[in-house]
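Here's a walk through the model you have open. Keep the viewer handy, and we'll go from the pockets to the helices around them and then out to the whole chain.

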Amino acid sequence: MWTIILAVVAVLVVVYKYMTDYNFFEKRGIPYDKPLPLFGSVGQAVLMRCTFAEVVRQIYEFNREAKYVGFFDFLTPVVSIRDLDLIRSVTIKNFDNFPDHRSFQDNEIDPLFSKNLFNLRGDRWRDVRTTLSPAFTSSKMKAMFILMKECAKKYGENLSSLPADQRILELKDAYTRYTNDVIATCAFGVNVDSMTDRKNKFYVYGREATTFGRLQSLKFFLIRSFPKLCNLLNVKIVKTEIAEFFQNLVSDTIKVRDERGIVRPDMIQLMMESRGKMGPGKELTIEDMTAQAFIFFFGGFESTSTTMCFATYEVGVNPDVQKRLQEEIDQVLEDCNGEVTYEAINNMKYLDAIINESLRMYPVVVATDRICMKDFELPPTLPSAKPYVVKKGEYIWIPVYGVQHDPDHFPEPDKFNPDRFLDDPKKIMNSGAFLSFGLGPRMCIGNRFALLEAKTLLFHVFANCELKPCSKTTIPMKLSKQGFAMTADGGFWFDVQPRKKPQHVMVNSVSSNGVAF
């Protein structure tokens with residue numbers, strides 16, 4: 001692998017020397033972040049001297065008067081849009097000019113990444129999204145909630161019954177096991193118990209495929225910026241054995257269901273039912289189905305567990321927030337006779353506010369991109385500048401982390417304050433300043449699933465447990481520089497203690513054997 005990386009770097013040096021135009025923005029009168037040789041404006045994050053979130057914020061803050069600024073993603077010039085009206089324009093009103101994300105990898109090299117919904121383009125993206133959208137209707141969510149609740153309930157009860165010498169806990173491991181089990185049943189239609197079977201392949205391969213440390217992050221940056229070169233060198237994100245495992249799993253599941261007439265309310269079933277309906281050349285192959293199930297797994301496994309970790313962290317280090325949340329939980333349990341319902345959990349305003357504020361402060365995707373498919377004129381970035389025409393094939397950036405940490409949009413942006421989402425959350429959601437799930441037709445298709453998955457677990461954790469900071473808890477939060485994924489430096493450590501529930505609250509529970517996480 002290092003031989004490949006050195007070869008890539010050598011080629012890039014030649015490209016930089018003879019082909020790079022680092023005066024691109026200066027010629028066009030656009031303020032821009034001065035690039036490093038070869039690495040451009042993202043070098044500090046690639047070299048892991050700072051977080052990717054910090055790079056996004058630095059570019060965003062470069063010129064606060066400008067509607068947009070320029071930067072270089074390695075050697076590629078990119079326009080980063082700061083103005084909310086422009087962000088809505090390119091993602092919603094003028095979506096047809098910017099319908100696709102940047103290309104990733106060749107279908108033959110890494111199909112799990114190249115064929116999934118996030119990376120599909122044009123009509124193929126529209127066809128597949130239309131096919132998958134019914135998986136996230138209210139009726140489907142209600143059916144999936146039953147599966148989520150049973151899983152979350154077990155995790156909450158086991159956390160509360162840990163032996164005294166095992167209560168100092170790093171939450172990311174426990175939370176990824178929960179998301180693993182939920183995704184296994186809701187997307188792949190298989191039952192996995194990662195509390196008991198801690199080395200099951202579904203979890204082990206999923207954790208490996210979604211963990212972006214130093215090497216994995218470097219590969220991702222290189223593939224994203226130089227896809228043709230990496231295709232030539234056969235550099236891929238997902239290992240062949242992992243891709244084969246998931247493909248065989250989907251293939252075997254479909255075969256068994258066809259033979260036995262099994263029907264389940266999950267994504268595999270939905271894709272099976274699309275057979276014969278999409279038209280010649282458009283039908284989903286086993287490889288296509290695996291890619292869609294995998295990206296759902298990728299988002300639900302890593303992204304949702306990270307969101308839950310940050311939300312739990314903020315609740316755990318803010319006793320007043322924890323007290324208010326548990327009061328809301330206790331009221332729901334009292335109203336529902338000890339068993340939370342789908343309707344009740346979706347009506348929990350303070351739990352919603354906690355998760356929304358966590359998503360604002362710690363968006364898992366700190367920036368997203370679009371490729372211009374038809375020339376599009378942007379207004380002058382500054383009063384003294386001229387309009388700029390984004391040409392077909394050029395890229396724009398939507399700096400999610402920068403927007404959501406802008407004091408003009410969110411006063412005291414680095415302070416965790418769920419109350420800002422209490423009075424009128426829809427006003428914030430519709431303002432264009434809340435971008436954690438994206439905007440427009442390319443908005444995350446599984447956002448409702450992710451939110452329900454997170455709320456269900458947090459409900460059962462804080463119904464059963466008191467979380468207190470310990471000597472390993474990092475206060476204030478410090479983000480990790482080890483890879484581009486949003487996570488805490490050193491992990492999410494807490495002292496997890498069983499909660500003394502109020503007398504009037506009766507929580508249905510089953511006996512637990514205190515399985516250690």
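Let's start with a lining that carries plenty of charge: the second largest pocket is lined by 11 nonpolar, 4 polar and 11 charged residues. Bear in mind that this is a predicted model. The pocket's volume comes to about 500 Å³. Of the 26 residues lining the second largest pocket, the ones nearest its centre are E314, M361, Y362, D414 and K415. Helix 4 (52-60), helix 15, helix 16 (319-335) and helix 18 are the elements that each give two or more residues to this lining. Which of them gives the most? That's helix 16, with 3 residues.

Now swing over to the largest pocket, which has a volume of about 670 Å³. Its lining counts 24 residues, and D352, N356, M429, L451 and K455 are the closest to its centre. Sorted by class, the lining of the largest pocket has 14 nonpolar, 5 polar and 5 charged residues. Helix 17 (342-346), helix 18, helix 20 (425-429) and helix 21 (447-464) each put at least two residues into the lining of the largest pocket. Helix 18 deserves a second look here, since that helix turns up in the linings of the largest pocket and the second largest pocket.

So how do the helices pack? Two packed helices are described by the angle between their axes and the distance between the axes. Take helix 15 (residues 286-317) and helix 18 (residues 349-361): their axes come within 9 Å and cross at roughly 110 degrees. Angles from 65 to 115 degrees count as roughly perpendicular, so helix 15 and helix 18 are roughly perpendicular to each other. On the helix 15 side, the contact is made by T307, F310, A311, E314 and V315, which meet I354, S358, L359 and M361 in helix 18. By class, that contact has 6 nonpolar, 2 polar and 1 charged residues. Two of these names should ring a bell: E314 and M361 are among the residues nearest the centre of the second largest pocket.

Helix 15 has another partner in helix 16. The axes of helix 15 and helix 16 come within 5 Å and cross at roughly 105 degrees. That makes this pair roughly perpendicular, too. Here V315, G316 and V317 in helix 15 meet P319, V321, Q322 and L325 in helix 16. The contact of helix 15 with helix 16 divides into 5 nonpolar, 2 polar and no charged residues. V315 takes part in the contact with helix 18 and in the contact with helix 16.

Next, a couple of backbone details to click on. Most residues other than glycine have a negative phi, and most peptide bonds are trans. M48 departs from the phi habit, with a positive value near 60 degrees. You'll find M48 in the loop between helix 3 (43-46) and helix 4. As for peptide bonds, the one from I475 to P476 is cis, with omega near 0 degrees. P476 sits in the loop between strand 8 (465-468) and strand 9 (493-498).

Finally, zoom all the way out. The chain has 21 helices and 9 strands. Along the principal axes, its C-alpha atoms fill a box of roughly 70 × 55 × 45 Å. Why call the overall radius of gyration consistent with a compact globule? Because a compact globule of 517 residues would have a radius of gyration near 24 Å, and the chain's 23 Å agrees with that.

Definitions and conventions:
Residues numbered from 1 in each chain as written. Predicted model: local features only at pLDDT ≥ 70, side-chain atom pairs only at ≥ 80, totals over all residues. Heavy atoms only, no water. Axes fitted to C-alpha atoms, helices over the stretch in contact; angles between N-to-C directions. Helix = DSSP H or I, 4+ residues; strand = E, 2+ residues; numbered from the N terminus. Parallel < 35°, antiparallel > 145°, perpendicular 65-115°, else oblique. Contact = heavy atoms within 4.5 Å. Nonpolar A, V, L, I, M, F, W, Y, C, P; charged D, E, K, R; others polar. 1 Å grid on protein atoms, 1.4 Å probe; cavity = no way out; pocket = protein on both sides within 12 Å on 5 of 7 lines; lining within 4 Å. Points joined across faces, edges and corners; volume = space filled by probe spheres on them. Rg over C-alpha atoms; globule rule 2.2 N^0.38 Å.
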